[in-house]
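Work through the exercises below with the sequence and the 3D view at hand. Each task is followed by a solution in steps.

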Amino acid sequence: MNIANLNRQEMSPRYRPQVHLHDVQLWDSFLAAQTEMIITKTGRRMFPGYRVKMIGMDPNAQYCVLMDILSVDENRYKFQHGEWVIAGRGEPHIPQRFYLHPNSPCTGQQWMKDIVSFHKVKLTNSCGNCGDGKFLVHSMHRYQPRVHIVQTDDVNTLHLQPMSTFA
């Protein structure tokens, strides 16, 4: 083996997954309008839908993709004089479960090929109605969806593997 080939092998790129929100303009327009989502006990799908584009994955490696929703702060809000203002301390945050994307596990090549949609995720305000892709959220609170990428081919070992998180 000559030195040129050896150097090329040593300098192989490291894979660093990246996640980009799809429909950013739509999300920004909802943020600018200061809108809120109506939440029901049975659960309501997120609007706009949470869709992401992934890049930087090893095309041949297996990955699981998960989603959760994190409370942004500990405040309750009310809409007053045309804007959202803090109205006091919010409800205690309940640790959320992860939603495992139904395509998991899948190769990096498959994940990077298309937009990854979390259209089946629902938001609910009822503790008894959690699970099955539903996240418990409190009315008049702010939340941030997040995507997590775990390189593994076994769903049962997710908790043992390093996780990359993107908000």
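**Exercise 1.** Is Arg-76 buried, partly exposed or exposed? Then find its salt-bridge partner and place both residues in the chain.

Solution. The model is a predicted one.
Step 1: The relative accessible area of Arg-76 is 27%. Buried means under 20% and exposed over 50%, so Arg-76 is partly exposed.
Step 2: Arg-76 forms a salt bridge with Glu-91, at 2.7 Å from N to O.
Step 3: Arg-76 belongs to strand 5, while Glu-91 sits in the loop between strand 6 (83–89) and strand 7 (99–100), so the pair ties together parts 15 residues apart in sequence.
Step 4: Glu-91 has 37% relative accessibility and is partly exposed as well.

**Exercise 2.** Which residue forms a salt bridge with Asp-68, and are the two buried or exposed?

Solution.
Step 1: The partner is Arg-146, with the closest N and O atoms 2.7 Å apart.
Step 2: Asp-68 is in strand 4 (residues 62–71) and Arg-146 in strand 12 (residues 143–151), 78 residues apart.
Step 3: Both residues are buried.

**Exercise 3.** What is the strand order of the open sheet of 3 strands, and which strands are at its edges?

Solution.
Step 1: The order is 1-3-9, and the pairing is antiparallel.
Step 2: Strand 1 (18–21) and strand 9 (116–117) are the edge strands, since each pairs on one side only.
Step 3: Strand 3 (residues 51–55) pairs with strand 9 over 2 bridges. Val-52 stands opposite Val-116 in strand 9.

Notes. Residues numbered from 1 in each chain as written. Predicted model: local features only at pLDDT ≥ 70, side-chain atom pairs only at ≥ 80, totals over all residues. Heavy atoms only, no water. Pairing = 2+ DSSP bridges. Helix = DSSP H or I, 4+ residues; strand = E, 2+ residues; numbered from the N terminus. Salt bridge = Lys/Arg side-chain N within 4 Å of Asp/Glu carboxyl O. Buried < 20%, exposed > 50% of the residue type's maximum accessible area, 1.4 Å probe, protein only.
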